Amino acid sequence: PLVAATMGMYDIAEFGTDDKLWQLIALCAGTGGSILVIGSASGVALMGLEKVDSLWYAKKVSIGAAVGYFAGIATYLAQNALIHG
């Protein structure tokens with residue numbers, strides 16, 4: 001839903017379908033949901049199957065997921081800068 005929402009926010013003539021903006025949006029939408037347990041379908045399944053509490057997840061997992069999220073964005077931007085100048 002997040003990627004679909006952003007598709008209406010940006011003009012396809014200005015940002016082509018292969019633009020780096022769409023790659024970054026896909027990266028953010030695909031990995032950002034892991035920061036909150038309810039942000040992804042797998043997180044909701046984890047809560048249901050393993051009876052994981054959202055407060056436990058926030059204390060034990062969210063910090064690591066956020067670090068990985070921002071490290072992924074930094075790596076993408078650095079790689080993009082190296083490849084495209």
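1. Let's start with Trp22: in this predicted model, its relative accessibility is 13%, so Trp22 counts as buried, the cut-off for buried being under 20%.

2. Which residue does Trp22 pair with? Its partner is Tyr10, and the two rings meet edge-to-face, with 6.1 Å from centre to centre and 85 degrees between the planes. Tyr10 sits in the loop between helix H1 (2-7) and helix H2 (20-32), while Trp22 belongs to helix H2, so this pair ties together parts that are twelve residues apart in sequence. Tyr10 has a relative accessibility of 31% and so counts as partly exposed.

3. Do look at Phe15 while you are in this area: together with Tyr10 and Trp22, Phe15 makes up one aromatic cluster.

4. How many aromatic pairs are there in the whole structure? The search finds three, and one of them is the Tyr10 and Trp22 pair just described. Another joins Tyr69 and Phe70, again edge-to-face, at 5.0 Å centre to centre and with 75 degrees between the planes.

5. Are Tyr69 and Phe70 buried or exposed? Tyr69 is buried, as its relative accessible area is 17%, whereas Phe70 is exposed, with a relative accessible area of 54%.

6. Finally, have a look at Ser62, which lies in helix H5 (residues 62-84). Ser62 is buried, its relative accessible area being 11%. Which residues does Ser62 touch, leaving aside its neighbours within four places in sequence? Ser62 is in contact with Ile35 and Tyr57.

Key
Residues numbered from 1 in each chain as written. Predicted model: local features only at pLDDT ≥ 70, side-chain atom pairs only at ≥ 80, totals over all residues. Heavy atoms only, no water. Phe/Tyr/Trp six-rings, centres within 6.5 Å; stacked < 30°, edge-to-face > 60°. Helix = DSSP H or I, 4+ residues; strand = E, 2+ residues; numbered from the N terminus. Buried < 20%, exposed > 50% of the residue type's maximum accessible area, 1.4 Å probe, protein only. Contact = heavy atoms within 4.5 Å.
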